[in-house]
Amino acid sequence: QFKRLTPEGNPVATIYDDINYASTNVQLPEGTYTKAELSAYGFGDNSLTSVKVLPGFKITLYADDNFGGTSKIITSNTNYVGGDFNDKTSSLKIEAEGVSGKAGTYKIKGRNSNLYWDLKANSLNAGTKIVQYNDEKAEQFQQFKLEELGKGIYTIYANTSKMVLDINNASAENRAAVQIWTSNNSKCQQYILVDAGDGYYQFVARHCGKVVEVPDNSSVADIELKTWDNNNQKCSHWKLEQPYHDTYNYWVILRDGVSDMDSYLDLRKNSFAEWDGTVSQTIAGKYEGENALAYTVNAVVGGWFGFGVLNTSDTYYFGDLASYSLHFAYKTDYNGPLFVKMGGVNGEFSVQFTPTSDNKWHTQEIKMSKFIEAGLQLGTTTNNLIFSIISENVVKTGATINVDDIYYYKNTVLSLVFTDIEDAGMTDISVYQPSNNKIAITGIEINTEIELMNLNGKTIMSSVSSDTNTVLNVENLPKGLYLLHIGNTIKKVLLK
(Lines give C-alpha, C1' and ligand atoms only; values in the text may rest on other atoms or scores of the structure.)
Protein backbone atom coordinates (compact mmCIF):
# COMPACT_ATOMS: atom_id res chain seq x y z
CA GLN A 1 0.00 0.00 0.00
CA PHE A 2 1.31 3.47 -0.97
CA LYS A 3 2.23 5.61 2.01
CA ARG A 4 2.16 9.36 1.42
CA LEU A 5 5.27 11.10 2.80
CA THR A 6 5.24 14.45 4.60
CA PRO A 7 7.93 17.05 3.81
CA GLU A 8 10.23 17.94 6.70
CA GLY A 9 10.11 21.53 7.85
CA ASN A 10 7.52 24.21 8.45
CA PRO A 11 5.29 24.83 5.42
CA VAL A 12 5.37 28.22 3.73
CA ALA A 13 3.42 27.28 0.59
CA THR A 14 0.53 25.03 -0.42
CA ILE A 15 -0.12 23.61 -3.87
CA TYR A 16 -3.55 22.46 -5.15
CA ASP A 17 -4.75 20.45 -8.12
CA ASP A 18 -7.92 22.52 -8.63
CA ILE A 19 -8.84 26.18 -8.89
CA ASN A 20 -9.66 28.30 -5.84
CA TYR A 21 -7.44 26.19 -3.58
CA ALA A 22 -9.61 23.09 -3.83
CA SER A 23 -9.17 19.31 -3.96
CA THR A 24 -5.80 17.60 -3.34
CA ASN A 25 -3.25 19.80 -1.62
CA VAL A 26 0.28 19.48 -0.25
CA GLN A 27 1.94 21.88 2.19
CA LEU A 28 5.61 22.49 1.43
CA PRO A 29 8.50 24.18 3.27
CA GLU A 30 11.20 26.19 1.49
CA GLY A 31 13.10 23.88 -0.86
CA THR A 32 13.27 22.28 -4.29
CA TYR A 33 10.92 19.54 -5.48
CA THR A 34 11.36 17.20 -8.44
CA LYS A 35 8.54 15.24 -10.06
CA ALA A 36 9.47 12.17 -8.01
CA GLU A 37 9.46 14.11 -4.75
CA LEU A 38 6.09 15.71 -5.47
CA SER A 39 4.71 12.26 -6.29
CA ALA A 40 6.05 10.87 -3.01
CA TYR A 41 4.17 13.65 -1.20
CA GLY A 42 0.96 12.62 -3.00
CA PHE A 43 0.86 15.26 -5.71
CA GLY A 44 0.54 14.12 -9.31
CA ASP A 45 2.57 15.28 -12.28
CA ASN A 46 1.01 18.03 -14.40
CA SER A 47 -1.86 18.60 -11.98
CA LEU A 48 -1.06 21.92 -10.24
CA THR A 49 -3.76 24.59 -10.71
CA SER A 50 -3.61 26.99 -7.73
CA VAL A 51 -1.11 27.91 -5.03
CA LYS A 52 -0.82 29.74 -1.74
CA VAL A 53 2.52 31.22 -0.67
CA LEU A 54 3.42 33.28 2.41
CA PRO A 55 4.85 36.80 2.02
CA GLY A 56 8.63 36.66 1.74
CA PHE A 57 8.64 33.54 -0.41
CA LYS A 58 8.21 32.82 -4.10
CA ILE A 59 7.35 29.66 -6.05
CA THR A 60 8.92 28.96 -9.43
CA LEU A 61 6.98 26.44 -11.49
CA TYR A 62 8.79 24.40 -14.16
CA ALA A 63 7.21 22.59 -17.09
CA ASP A 64 9.86 19.85 -17.05
CA ASP A 65 11.32 17.66 -14.35
CA ASN A 66 14.51 18.74 -12.57
CA PHE A 67 13.70 22.43 -13.00
CA GLY A 68 13.87 22.53 -16.77
CA GLY A 69 11.74 23.92 -19.56
CA THR A 70 9.57 27.00 -19.37
CA SER A 71 8.97 28.50 -15.94
CA LYS A 72 6.65 30.85 -14.09
CA ILE A 73 7.25 32.77 -10.85
CA ILE A 74 4.42 33.25 -8.32
CA THR A 75 4.88 35.55 -5.32
CA SER A 76 1.39 35.66 -3.77
CA ASN A 77 -1.73 33.55 -3.36
CA THR A 78 -2.98 32.62 -6.84
CA ASN A 79 -6.32 30.85 -7.25
CA TYR A 80 -5.55 29.95 -10.87
CA VAL A 81 -2.04 29.79 -12.29
CA GLY A 82 -3.29 30.61 -15.77
CA GLY A 83 -3.79 28.74 -18.97
CA ASP A 84 -0.07 28.80 -19.72
CA PHE A 85 0.71 26.65 -16.66
CA ASN A 86 -2.50 24.96 -15.59
CA ASP A 87 -1.79 21.22 -15.21
CA LYS A 88 1.69 21.73 -16.66
CA THR A 89 4.02 21.69 -13.63
CA SER A 90 6.53 18.83 -13.24
CA SER A 91 8.92 20.39 -10.69
CA LEU A 92 9.11 23.52 -8.58
CA LYS A 93 11.24 25.61 -6.24
CA ILE A 94 10.14 27.51 -3.13
CA GLU A 95 12.64 30.25 -2.22
CA ALA A 96 12.92 33.08 0.29
CA GLU A 97 13.18 36.52 -1.29
CA GLY A 98 12.73 39.97 0.22
CA VAL A 99 13.85 43.56 -0.12
CA SER A 100 17.56 43.70 -0.87
CA GLY A 101 20.04 46.50 -0.18
CA LYS A 102 19.01 47.39 3.38
CA ALA A 103 22.15 46.30 5.18
CA GLY A 104 23.16 48.76 7.89
CA THR A 105 22.60 49.79 11.50
CA TYR A 106 19.15 51.05 12.45
CA LYS A 107 16.75 51.96 15.20
CA ILE A 108 13.59 49.95 14.45
CA LYS A 109 10.31 51.74 15.15
CA GLY A 110 6.81 50.26 15.41
CA ARG A 111 4.17 51.62 13.06
CA ASN A 112 1.33 51.75 15.58
CA SER A 113 3.14 52.02 18.89
CA ASN A 114 5.89 54.49 17.79
CA LEU A 115 8.16 52.57 20.18
CA TYR A 116 11.55 51.08 19.35
CA TRP A 117 13.17 47.66 19.52
CA ASP A 118 15.28 47.39 22.67
CA LEU A 119 17.15 44.75 24.67
CA LYS A 120 15.16 44.00 27.79
CA ALA A 121 16.87 45.50 30.86
CA ASN A 122 19.82 46.39 28.59
CA SER A 123 21.13 42.87 29.02
CA LEU A 124 23.62 41.27 26.65
CA ASN A 125 23.09 37.71 27.89
CA ALA A 126 21.94 34.95 25.57
CA GLY A 127 18.18 34.63 25.87
CA THR A 128 17.57 38.34 26.46
CA LYS A 129 14.18 39.19 25.00
CA ILE A 130 13.51 41.94 22.47
CA VAL A 131 10.97 44.48 23.72
CA GLN A 132 9.52 47.73 22.44
CA TYR A 133 10.51 50.80 24.44
CA ASN A 134 10.52 54.57 24.51
CA ASP A 135 13.02 56.35 22.28
CA GLU A 136 16.33 56.52 24.13
CA LYS A 137 18.07 58.51 21.40
CA ALA A 138 21.62 57.28 20.74
CA GLU A 139 21.60 54.42 23.25
CA GLN A 140 23.36 51.40 21.75
CA PHE A 141 20.83 48.89 23.13
CA GLN A 142 18.27 50.29 20.69
CA GLN A 143 20.48 49.82 17.64
CA PHE A 144 20.41 46.72 15.48
CA LYS A 145 22.63 45.81 12.56
CA LEU A 146 21.15 44.15 9.48
CA GLU A 147 23.65 42.03 7.56
CA GLU A 148 22.33 40.79 4.22
CA LEU A 149 22.90 37.16 3.30
CA GLY A 150 21.49 37.74 -0.17
CA LYS A 151 18.07 38.10 -1.85
CA GLY A 152 16.67 40.30 0.92
CA ILE A 153 17.44 37.78 3.70
CA TYR A 154 19.17 39.19 6.79
CA THR A 155 20.89 38.24 9.98
CA ILE A 156 20.14 40.87 12.65
CA TYR A 157 22.80 41.66 15.25
CA ALA A 158 22.31 43.42 18.54
CA ASN A 159 24.59 46.38 17.92
CA THR A 160 26.24 46.08 21.33
CA SER A 161 27.29 42.44 20.93
CA LYS A 162 27.86 39.54 18.54
CA MET A 163 24.49 38.06 19.50
CA VAL A 164 21.86 37.73 16.78
CA LEU A 165 18.09 37.90 16.72
CA ASP A 166 16.69 34.40 17.30
CA ILE A 167 13.28 32.73 17.58
CA ASN A 168 13.27 30.84 20.87
CA ASN A 169 13.76 27.07 20.35
CA ALA A 170 13.17 27.57 16.60
CA SER A 171 9.46 27.53 17.41
CA ALA A 172 6.95 27.77 14.57
CA GLU A 173 4.06 28.43 16.98
CA ASN A 174 2.34 31.77 17.43
CA ARG A 175 3.59 33.82 20.37
CA ALA A 176 7.13 32.43 20.14
CA ALA A 177 9.62 34.69 21.94
CA VAL A 178 12.06 36.86 20.02
CA GLN A 179 15.46 36.98 21.73
CA ILE A 180 19.20 37.33 21.17
CA TRP A 181 21.35 34.22 20.99
CA THR A 182 24.76 33.02 19.87
CA SER A 183 24.87 32.83 16.08
CA ASN A 184 24.51 29.32 14.66
CA ASN A 185 23.51 30.21 11.06
CA SER A 186 20.14 28.47 11.40
CA LYS A 187 17.05 29.71 9.56
CA CYS A 188 15.40 30.67 12.86
CA GLN A 189 18.10 33.37 13.00
CA GLN A 190 17.37 34.67 9.49
CA TYR A 191 14.70 37.19 8.51
CA ILE A 192 13.16 38.05 5.17
CA LEU A 193 12.52 41.79 4.79
CA VAL A 194 9.08 42.34 3.22
CA ASP A 195 7.86 45.73 1.99
CA ALA A 196 4.74 46.73 3.96
CA GLY A 197 4.29 50.07 2.18
CA ASP A 198 4.75 53.69 3.24
CA GLY A 199 8.36 53.08 4.26
CA TYR A 200 7.57 50.20 6.64
CA TYR A 201 8.76 46.60 6.54
CA GLN A 202 7.93 43.21 8.02
CA PHE A 203 10.50 40.80 9.45
CA VAL A 204 9.49 37.31 8.33
CA ALA A 205 11.15 34.47 10.26
CA ARG A 206 12.65 32.36 7.47
CA HIS A 207 12.20 29.00 9.21
CA CYS A 208 8.41 29.31 9.50
CA GLY A 209 7.09 32.36 7.64
CA LYS A 210 5.64 34.06 10.73
CA VAL A 211 6.30 37.74 11.41
CA VAL A 212 7.79 39.63 14.34
CA GLU A 213 5.00 41.70 15.92
CA VAL A 214 3.82 43.50 19.05
CA PRO A 215 1.28 41.20 20.76
CA ASP A 216 -2.27 42.53 20.86
CA ASN A 217 -1.20 45.69 19.03
CA SER A 218 0.06 47.04 22.36
CA SER A 219 1.50 50.54 22.74
CA VAL A 220 2.90 49.82 26.20
CA ALA A 221 6.65 50.12 26.73
CA ASP A 222 8.63 47.01 27.72
CA ILE A 223 6.24 44.57 26.02
CA GLU A 224 8.14 41.60 24.58
CA LEU A 225 7.95 41.01 20.84
CA LYS A 226 6.54 37.70 19.58
CA THR A 227 5.88 35.89 16.32
CA TRP A 228 2.46 35.49 14.72
CA ASP A 229 0.80 34.46 11.46
CA ASN A 230 1.31 37.07 8.78
CA ASN A 231 -2.00 38.82 8.22
CA ASN A 232 -0.29 42.08 7.25
CA GLN A 233 -1.25 43.40 10.68
CA LYS A 234 0.12 46.88 11.34
CA CYS A 235 1.63 45.81 14.65
CA SER A 236 4.08 43.81 12.49
CA HIS A 237 5.12 46.87 10.47
CA TRP A 238 8.47 48.45 11.32
CA LYS A 239 10.38 51.48 10.11
CA LEU A 240 14.17 51.39 9.71
CA GLU A 241 15.49 54.66 11.11
CA GLN A 242 19.07 55.81 11.13
CA PRO A 243 20.58 55.97 14.63
CA TYR A 244 21.26 59.40 16.01
CA HIS A 245 24.62 60.53 14.73
CA ASP A 246 26.53 63.69 13.95
CA THR A 247 25.87 65.21 10.54
CA TYR A 248 28.20 67.42 8.54
CA ASN A 249 28.00 69.95 5.75
CA TYR A 250 31.21 68.59 4.20
CA TRP A 251 32.90 65.20 3.93
CA VAL A 252 36.54 65.92 3.09
CA ILE A 253 38.68 63.46 1.13
CA LEU A 254 41.58 65.59 -0.16
CA ARG A 255 42.03 69.23 0.83
CA ASP A 256 44.70 71.15 2.72
CA GLY A 257 42.54 73.87 4.22
CA VAL A 258 39.37 73.17 6.21
CA SER A 259 39.12 76.37 8.25
CA ASP A 260 36.37 77.64 5.94
CA MET A 261 34.19 74.58 6.59
CA ASP A 262 31.60 75.16 9.31
CA SER A 263 31.27 71.41 9.98
CA TYR A 264 33.09 68.55 8.30
CA LEU A 265 33.85 64.85 8.52
CA ASP A 266 37.58 64.37 8.02
CA LEU A 267 38.31 61.40 5.73
CA ARG A 268 41.76 62.64 4.72
CA LYS A 269 43.66 59.95 6.61
CA ASN A 270 42.47 57.38 4.08
CA SER A 271 45.20 56.75 1.52
CA PHE A 272 44.91 56.88 -2.25
CA ALA A 273 46.09 53.92 -4.29
CA GLU A 274 46.77 53.42 -7.97
CA TRP A 275 45.52 50.28 -9.69
CA ASP A 276 46.34 48.41 -12.87
CA GLY A 277 47.42 50.66 -15.70
CA THR A 278 48.23 53.64 -13.48
CA VAL A 279 51.60 54.85 -12.12
CA SER A 280 51.80 57.59 -9.49
CA GLN A 281 53.82 60.69 -10.34
CA THR A 282 56.30 62.29 -8.00
CA ILE A 283 55.24 65.90 -8.53
CA ALA A 284 51.71 67.19 -8.93
CA GLY A 285 50.58 70.63 -10.01
CA LYS A 286 49.43 72.86 -7.15
CA TYR A 287 45.78 73.78 -6.90
CA GLU A 288 44.12 74.27 -3.52
CA GLY A 289 47.27 73.65 -1.50
CA GLU A 290 50.49 71.67 -1.43
CA ASN A 291 49.11 68.14 -1.60
CA ALA A 292 47.50 67.60 -4.98
CA LEU A 293 47.96 64.13 -6.46
CA ALA A 294 49.04 63.23 -9.98
CA TYR A 295 48.94 60.00 -11.95
CA THR A 296 50.17 58.82 -15.32
CA VAL A 297 48.02 56.58 -17.50
CA ASN A 298 50.26 53.63 -18.20
CA ALA A 299 47.62 51.38 -19.78
CA VAL A 300 47.57 50.59 -23.49
CA VAL A 301 44.83 52.00 -25.69
CA GLY A 302 41.73 49.88 -25.11
CA GLY A 303 42.91 48.80 -21.64
CA TRP A 304 41.86 50.16 -18.28
CA PHE A 305 43.33 52.22 -15.46
CA GLY A 306 42.17 53.62 -12.17
CA PHE A 307 43.12 55.29 -8.92
CA GLY A 308 41.08 56.03 -5.84
CA VAL A 309 40.63 55.86 -2.11
CA LEU A 310 38.87 53.41 0.23
CA ASN A 311 37.35 54.45 3.53
CA THR A 312 39.19 52.28 6.05
CA SER A 313 39.14 54.78 8.91
CA ASP A 314 35.74 53.96 10.44
CA THR A 315 32.13 52.99 9.79
CA TYR A 316 29.92 55.87 8.64
CA TYR A 317 26.36 56.33 7.48
CA PHE A 318 26.87 57.29 3.87
CA GLY A 319 23.12 57.60 3.43
CA ASP A 320 23.56 61.20 4.60
CA LEU A 321 25.22 61.91 1.25
CA ALA A 322 22.12 61.07 -0.80
CA SER A 323 21.24 64.76 -1.26
CA TYR A 324 24.86 65.99 -1.44
CA SER A 325 27.13 66.63 -4.41
CA LEU A 326 30.72 65.61 -5.08
CA HIS A 327 33.26 68.33 -5.87
CA PHE A 328 36.78 67.82 -7.16
CA ALA A 329 39.39 69.65 -9.20
CA TYR A 330 41.40 68.07 -12.00
CA LYS A 331 44.08 68.95 -14.54
CA THR A 332 44.70 66.58 -17.42
CA ASP A 333 45.66 66.11 -21.06
CA TYR A 334 43.57 62.94 -21.28
CA ASN A 335 41.12 63.47 -24.13
CA GLY A 336 38.45 60.85 -23.55
CA PRO A 337 35.56 60.10 -21.21
CA LEU A 338 36.35 59.22 -17.60
CA PHE A 339 34.25 57.74 -14.82
CA VAL A 340 33.98 58.56 -11.14
CA LYS A 341 33.22 55.37 -9.20
CA MET A 342 31.83 55.12 -5.66
CA GLY A 343 30.93 52.15 -3.47
CA GLY A 344 27.82 51.54 -1.38
CA VAL A 345 26.12 48.69 0.44
CA ASN A 346 25.41 46.89 -2.84
CA GLY A 347 28.68 47.31 -4.76
CA GLU A 348 30.36 49.98 -6.85
CA PHE A 349 28.74 52.22 -9.45
CA SER A 350 30.10 54.81 -11.88
CA VAL A 351 29.06 58.16 -13.33
CA GLN A 352 30.72 59.46 -16.50
CA PHE A 353 32.22 62.90 -17.03
CA THR A 354 34.20 64.27 -19.95
CA PRO A 355 37.27 66.23 -18.81
CA THR A 356 38.62 69.34 -20.45
CA SER A 357 41.97 68.12 -21.76
CA ASP A 358 43.92 71.41 -21.90
CA ASN A 359 46.18 70.50 -18.95
CA LYS A 360 44.75 73.33 -16.83
CA TRP A 361 42.90 73.12 -13.56
CA HIS A 362 39.12 72.71 -13.80
CA THR A 363 36.42 71.76 -11.33
CA GLN A 364 33.72 69.13 -11.57
CA GLU A 365 30.52 68.71 -9.56
CA ILE A 366 28.44 65.53 -9.66
CA LYS A 367 25.18 65.16 -7.76
CA MET A 368 25.01 62.03 -5.64
CA SER A 369 21.59 61.42 -7.16
CA LYS A 370 23.44 60.46 -10.36
CA PHE A 371 25.17 57.60 -8.56
CA ILE A 372 21.86 56.55 -7.02
CA GLU A 373 20.23 56.57 -10.47
CA ALA A 374 23.07 54.30 -11.63
CA GLY A 375 22.08 51.79 -8.94
CA LEU A 376 24.16 52.80 -5.89
CA GLN A 377 22.55 52.17 -2.52
CA LEU A 378 23.95 54.23 0.33
CA GLY A 379 23.97 53.00 3.91
CA THR A 380 26.21 52.29 6.87
CA THR A 381 29.48 50.99 5.47
CA THR A 382 33.22 50.78 5.88
CA ASN A 383 35.96 49.66 3.48
CA ASN A 384 33.93 51.20 0.68
CA LEU A 385 35.23 53.18 -2.27
CA ILE A 386 34.67 56.88 -1.52
CA PHE A 387 36.27 58.37 -4.64
CA SER A 388 38.00 57.07 -7.73
CA ILE A 389 38.61 57.94 -11.36
CA ILE A 390 38.70 55.09 -13.85
CA SER A 391 38.49 54.25 -17.52
CA GLU A 392 37.74 50.79 -18.87
CA ASN A 393 38.55 51.78 -22.44
CA VAL A 394 41.71 53.90 -22.53
CA VAL A 395 41.96 56.29 -25.48
CA LYS A 396 45.35 57.83 -24.67
CA THR A 397 48.34 56.24 -22.99
CA GLY A 398 50.94 58.42 -21.24
CA ALA A 399 48.38 61.08 -20.26
CA THR A 400 48.60 62.69 -16.82
CA ILE A 401 45.73 63.32 -14.43
CA ASN A 402 46.09 65.67 -11.44
CA VAL A 403 43.39 65.76 -8.73
CA ASP A 404 42.83 67.96 -5.69
CA ASP A 405 40.17 69.60 -3.54
CA ILE A 406 37.94 66.51 -3.25
CA TYR A 407 34.94 66.67 -0.94
CA TYR A 408 31.21 66.06 -0.70
CA TYR A 409 29.13 69.13 0.11
CA LYS A 410 25.57 69.62 1.27
CA ASN A 411 24.79 73.10 -0.02
CA THR A 412 27.75 75.24 -1.02
CA VAL A 413 30.96 74.72 -2.98
CA LEU A 414 33.86 76.33 -1.14
CA SER A 415 35.91 79.19 -2.49
CA LEU A 416 39.55 78.44 -3.17
CA VAL A 417 42.37 79.61 -0.94
CA PHE A 418 45.52 79.50 -3.06
CA THR A 419 48.91 79.36 -1.34
CA ASP A 420 52.24 80.82 -2.52
CA ILE A 421 51.06 81.71 -6.03
CA GLU A 422 49.79 85.26 -6.04
CA ASP A 423 52.05 87.40 -8.27
CA ALA A 424 54.41 84.43 -8.67
CA GLY A 425 56.54 84.89 -11.81
CA MET A 426 54.67 88.03 -12.79
CA THR A 427 57.10 90.82 -12.00
CA ASP A 428 56.98 92.18 -15.57
CA ILE A 429 53.20 91.90 -15.93
CA SER A 430 50.74 94.57 -14.83
CA VAL A 431 47.04 93.96 -14.16
CA TYR A 432 44.69 96.86 -13.35
CA GLN A 433 41.20 98.24 -13.94
CA PRO A 434 41.19 101.37 -16.13
CA SER A 435 37.41 101.47 -15.56
CA ASN A 436 34.81 99.44 -13.68
CA ASN A 437 33.98 97.34 -16.72
CA LYS A 438 37.49 96.46 -17.93
CA ILE A 439 40.62 94.61 -16.84
CA ALA A 440 43.84 95.66 -18.54
CA ILE A 441 46.86 93.34 -18.76
CA THR A 442 50.23 94.62 -19.97
CA GLY A 443 53.70 93.15 -20.36
CA ILE A 444 52.61 89.75 -21.69
CA GLU A 445 53.82 87.79 -24.68
CA ILE A 446 51.79 87.37 -27.85
CA ASN A 447 49.63 84.18 -27.88
CA THR A 448 49.50 84.00 -24.09
CA GLU A 449 46.46 82.08 -22.85
CA ILE A 450 44.31 84.11 -20.44
CA GLU A 451 41.51 82.69 -18.32
CA LEU A 452 39.28 84.43 -15.76
CA MET A 453 37.77 82.09 -13.13
CA ASN A 454 35.54 82.51 -10.12
CA LEU A 455 36.66 81.23 -6.73
CA ASN A 456 34.93 77.91 -7.30
CA GLY A 457 37.33 77.28 -10.19
CA LYS A 458 34.73 77.80 -12.94
CA THR A 459 35.97 79.51 -16.09
CA ILE A 460 34.09 82.76 -16.73
CA MET A 461 35.92 83.83 -19.88
CA SER A 462 39.07 82.94 -21.79
CA SER A 463 41.10 84.37 -24.65
CA VAL A 464 44.52 84.32 -26.32
CA SER A 465 46.47 87.59 -26.48
CA SER A 466 47.22 89.02 -29.91
CA ASP A 467 49.51 91.73 -28.52
CA THR A 468 51.69 92.41 -25.52
CA ASN A 469 48.75 94.29 -24.02
CA THR A 470 45.11 93.12 -23.79
CA VAL A 471 41.80 94.20 -22.26
CA LEU A 472 39.02 92.01 -20.87
CA ASN A 473 35.43 93.28 -20.86
CA VAL A 474 33.94 92.46 -17.43
CA GLU A 475 30.92 94.76 -17.66
CA ASN A 476 28.37 92.00 -16.94
CA LEU A 477 30.26 90.26 -14.16
CA PRO A 478 29.32 90.58 -10.48
CA LYS A 479 31.75 92.53 -8.32
CA GLY A 480 34.10 90.50 -6.18
CA LEU A 481 37.27 88.43 -6.14
CA TYR A 482 38.33 86.41 -9.21
CA LEU A 483 41.31 84.35 -10.32
CA LEU A 484 43.17 85.45 -13.45
CA HIS A 485 45.26 82.76 -15.17
CA ILE A 486 47.95 84.30 -17.37
CA GLY A 487 49.94 81.53 -18.99
CA ASN A 488 51.13 79.27 -16.19
CA THR A 489 50.64 81.77 -13.38
CA ILE A 490 47.65 82.98 -11.38
CA LYS A 491 46.75 86.36 -9.95
CA LYS A 492 43.85 87.35 -7.73
CA VAL A 493 41.76 90.22 -9.12
CA LEU A 494 39.14 92.26 -7.23
CA LEU A 495 36.46 93.67 -9.52
CA LYS A 496 35.19 96.96 -8.10
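This is a short tour of a few strands in the structure above, with something to select at each stop. Keep in mind that the model is predicted.

**Stop 1: Thr14.** Select Thr14, which lies in strand 1 (residues 13-18). Is Thr14 buried or exposed? Its relative accessibility is 11%, and buried means under 20%, so Thr14 counts as buried. Now show what surrounds it. Setting aside neighbours within four places in sequence, Thr14 is in contact with Asn25, Val26 and Gln27, and also with Ser50, Val51 and Lys52.

**Stop 2: strand 8.** Next, select residues 104-110, which make up strand 8. Seven of the seven residues here are buried, so the strand is largely enclosed by the rest of the structure. Try colouring its two faces. On one side you will find Gly104, Tyr106, Ile108 and Gly110, and on the other Thr105, Lys107 and Lys109; both faces are covered.

**Stop 3: the partners of strand 8.** Which strands pair with strand 8? Add residues 144-150, and you have strand 11, which runs antiparallel to strand 8 and is joined to it by three bridges. Look for Gly104 opposite Leu146 of strand 11. Then add strand 19 (residues 238-241), which pairs with strand 8 over four bridges, also in the antiparallel sense. Here Gly110 has Trp238 as its bridge partner.

**Stop 4: a hairpin.** Finally, keep strand 11 and select strand 12 (residues 153-158); six bridges pair the two in the antiparallel sense. One place to look is Lys145, whose bridge partner in strand 12 is Tyr157. The two strands form a hairpin with two residues between them. Zoom in on Lys151 in the turn, where phi is positive, at about 55 degrees.

Definitions and conventions: Residues numbered from 1 in each chain as written. Predicted model: local features only at pLDDT ≥ 70, side-chain atom pairs only at ≥ 80, totals over all residues. Heavy atoms only, no water. Buried < 20%, exposed > 50% of the residue type's maximum accessible area, 1.4 Å probe, protein only. Contact = heavy atoms within 4.5 Å. Pairing = 2+ DSSP bridges.
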